[in-house]
Amino acid sequence: MSTGGKMEIICGCGNAFEAWVWQSVNVTASPELRETILKGEMNVVKCPSCGSRFHVEIPFLYNDVKHGEWIWVYPAGYGESPEAARAELEEMWERISADMPPAIRQAIETNYKTMLLFGMDALVAHLKSQDQSDQPRAAKNSPST
Ligand SMILES: [Zn+2]
């Protein structure tokens, strides 16, 4: 399931407004959200006062059941102190998984590869390389003789 909510955003112009942002996406259930990420439009909002469009940087969970990937995307700024992000992530996972039945928690920890990336650009790069390794046959089929 993909989840999100309304959040108060403060624009560079000083205007505060509410906008919908995604906090987690399940791209197996909602493949169109993967396209949104690849187009660079994930969590991009528009200020109703000055009209400028920008990306809201919030920790974000990318869940891909098909590839068994659970990717936390932290704002790019966290990349300077990855330990802090990792500690925060562990704390958040403890909080989320505390409400989960133990069997489900275990299934997630066994079946998913958890990754931590910094910035939406890093996620886009990861998805592009995933697309390439998903289609090795198409590349090999091109005539070479
Ligand atoms: Zn503005």
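1. Let me start where two helices meet: Arg34, Ile37 and Leu38 of helix 1 touch Leu123, Val124 and Leu127 of helix 4. Contact here means that the C-beta atoms of two residues, placed from the backbone, lie within 7 Å. Helices (H or I, at least four residues) and strands (E, at least two) are DSSP runs, numbered from the N terminus. Please keep in mind that this is a predicted model, in which local features need pLDDT of at least 70 and side-chain atom pairs count only at pLDDT 80 or more, while totals for chains, interfaces and linings use all residues. Residues are numbered from 1 along each chain as its sequence is written.

2. A word on the geometry of that pair. Two packed helices are described by the angle between their axes and the distance between the axes. For helix 1 and helix 4 the angle is about 115 degrees, and the axes are 9 Å apart. The axes are lines fitted to C-alpha atoms, for helices over the stretch in contact, with angles running from 0 to 180 degrees between N-to-C directions. The crossing of helix 1 and helix 4 is left-handed, a term used if the near helix is turned anticlockwise from the far one by less than a right angle, with right-handed for clockwise.

3. Now the whole chain. The protein has five helices and seven strands, and from the N terminus the order is β-β-α-β-β-β-β-α-α-β-α-α. Its C-alpha atoms fill a box of roughly 60 × 45 × 30 Å along the principal axes. Of contacts with a separation of 6 or more, 60% join residues 24 or more positions apart. Of the 145 residues, 13% count as buried; that label requires 20 or more other C-beta atoms within 10 Å of a residue's own, whereas exposed requires 12 or fewer and partly exposed is in between, with C-beta atoms placed from the backbone.

4. Helix 4 deserves a closer look. Its 15 residues (120-134) should span 21 Å at 1.5 Å a residue, and the end C-alpha atoms are indeed 21 Å apart; the expected span is 1.5 Å times one less than the number of residues. Met120, Leu123 and Leu127 are the buried residues to note in helix 4. Seen down the axis, the buried residues of helix 4 fall within an arc of 55 degrees, so they line one face of the helix. That arc is taken over the directions from the helix axis to the C-beta atoms. An α-helix has 3.6 residues a turn, so residues three or four places apart point the same way.

5. What lies on either side of helix 4? Cover for its buried residues includes helix 1 (31-38), strand 4 (53-55), strand 5 (60-64), strand 6 (69-74) and strand 7 (113-118). The face turned away from the buried side carries the exposed residues Ala125, Lys128, Ser129, Gln132 and Ser133. Histidine 126 also lies in helix 4; it is partly exposed, because 17 C-beta neighbours lie inside 10 Å.

6. On to the largest nonpolar core, which has 17 residues; Tyr62, Ile71, Val73, Tyr74 and Leu123 touch the most other members. Strand 2 (16-26), strand 5, strand 6 and helix 4 each supply at least two residues of this core, and strand 6 gives the most, with four. Such a core is a set of buried Ala, Val, Leu, Ile, Met, Phe, Trp, Tyr and Cys residues joined through C-beta atoms within 7 Å. Leaving aside residues up to four places away in sequence, isoleucine 71 touches Tyr62, Met115, Leu117 and Leu123.

7. One backbone detail to check is asparagine 43, in the loop between helix 1 and strand 3. Most residues other than glycine have a negative phi, and most peptide bonds are trans. Asparagine 43 is not a glycine, yet its phi is positive, about 55 degrees. Asparagine 43 counts as buried because it has 23 C-beta neighbours inside 10 Å.

8. Finally, two places with exposed residues. Proline 48 is in the loop between strand 3 (44-46) and strand 4, and counts as exposed because it has 11 C-beta neighbours inside 10 Å. Proline 48 and cysteine 11, 37 residues apart in sequence, are 9.6 Å apart in space, C-alpha to C-alpha. Alanine 107, in helix 3 (residues 102-111), is exposed too, with 12 other C-beta atoms within 10 Å.
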